[in-house]
Amino acid sequence: MRTLGRLRRLKTTLVPEFHSWCKLQAPNAAGKQLPRIYVTRRIPPDGMKILSQSGLCNIEQWDSDEPVPRSELLEKVAGIRGLYCLLTEKIDAEVLDAAGPSLQVVSTMSVGYDHVSLEELKKRGIRLGYTPDVLTEAVAELTVALLLATSRRLLEAVDEAKNGGWGTWKPLWMCGYGLTDSTVGILGLGRIGAAVMARLKPFGVKRFLYADTGPRPDMATKIPAEFVPLEELARHSDFIVVCCALTPETQGICGNRLFSLMKDTAIFINTSRGGVVNQEDLYQALVNGQIAAAGLDVTEPEPLPTDHPLLKLKNCVILPHIASATVATRNAMAALAASNLLAGLQGKAMGKEVPL
Ligand SMILES: O=CC(=O)O
């Protein structure tokens, strides 16, 4: 622990990327002190440009690709007016107390906001911005890529080609499951779920089902998709794609009960949050042949430890939470989070705000 601390201090001294830099509070042209904001990570350039060219705030930033240490975060937020954060920072009572009564707005560069305590924000009258819509296409695209990689066993096949497992063409070797004439079940039909369905439809999917807290005709009629109870979704789907937000209601919703109802040929895909899945139950379902395979872009925790049993399974494809990772999308997210923050600082309507 002490060595780590010493190393961090050394890096802070010697390596520019570890610098947490600070523009000192300077008065603007009207001689007024600008509000201070804290940015918890190095962010894509479009976001930083909006913040730094606005002339509306003094920016302090943890200028590294690695997350800000919790102790540093707690220290740096003291007295700030705005906090620009990522999904890796838990924004809870401790952080908000450390910031104090000056904090007016939190802006997260993510569509998910399960890392932020809405209750604590509400208590303090702090507003929250987030970044839906701008990442829908990228996430849907990656979800389809993960589904195909999992159902057609792409990673296993690449390994076989590289490692000498490719003997000759064999009729029964490396067979997976195709989308033609299949039933696809979406768990949580929002913007991303609808975008996933639209992309899967041309593959010849016969039937789309969805389970949610209630029917979503706005999202479902165009495809079309049928609203069904979760149990029915599990029984009838050849592919289940999880697109719901992580809430107390969806925490661990994909567990033994769901997996035991699924077809033993079914493929399970999750690009929402790791917390919606009971990973021990998923492991058992994959090992015992209750389901055919799983593709996960999100896990609990993240990163998943490299010795985690799920990483040892051939029928489990795990990606390191990259669903929104295109250059354009990450820039758009950074820019939206920046303008949300600035709007919040000025007491204006944000482009995308979470109602509290
Ligand atoms: O997972 C990514 C996000 O919430 O933006």
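UniProt positions are given here in the numbering of the model, and such annotations may be inferred rather than shown by experiment. In the predicted model, the UniProt annotation "domain: D-isomer specific 2-hydroxyacid dehydrogenase NAD-binding", taken from an unreviewed entry, covers residues 144–323. Over this range the chain is 30% helix and 15% strand, and the C-alpha atoms at the two ends of the range are 10 Å apart.

Helix H13 spans residues 327–345 and comprises 19 residues. The distance from its first C-alpha to its last is 27 Å, close to the 27 Å expected at 1.5 Å a residue. Of the 19 residues of H13, 14 are buried, so the helix is largely enclosed by the rest of the structure. H13 is followed by Gly347, which has a positive phi, near 70°.

A search of the whole structure finds 18 salt bridges. One of them joins the side chains of Arg273 and Asp114, with an N to O distance of 2.9 Å. This pair links distant parts of the chain, 159 residues apart: Arg273 is in the loop between strand S11 (267–270) and helix H12 (279–287), and Asp114 is in the loop between strand S5 (105–108) and helix H5 (118–124). Arg273 has a relative accessible area of 14% and is therefore buried, the cut-off being under 20%. Asp114, at 35% relative accessibility, counts as partly exposed.

A salt bridge is also formed by Asp133 and Lys352, whose closest N and O atoms are 2.8 Å apart. Asp133 lies in the loop between strand S6 (127–129) and helix H6 (136–151), and Lys352 in the segment after H13, so the pair ties together parts that are 219 residues apart in sequence. Both partners are partly exposed, with relative accessible areas of 34% for Asp133 and 29% for Lys352.

Helix H6 contributes Glu137 to a further long-range pair. Glu137 forms a salt bridge with Arg199, the closest N and O atoms being 2.5 Å apart. Arg199 is in helix H8 (residues 191–200), and the two partners are 62 residues apart. Glu137 is partly exposed, with a relative accessible area of 46%, and Arg199 is likewise partly exposed, at 29%. Apart from these pairs, Asp97, Glu120, Lys123 and Arg124 are joined into one network by salt bridges that share partners.

Note on methods:
Residues numbered from 1 in each chain as written. Predicted model: local features only at pLDDT ≥ 70, side-chain atom pairs only at ≥ 80, totals over all residues. Heavy atoms only, no water. Helix = DSSP H or I, 4+ residues; strand = E, 2+ residues; numbered from the N terminus. Expected span 1.5 Å × (residues − 1). Buried < 20%, exposed > 50% of the residue type's maximum accessible area, 1.4 Å probe, protein only. Salt bridge = Lys/Arg side-chain N within 4 Å of Asp/Glu carboxyl O.
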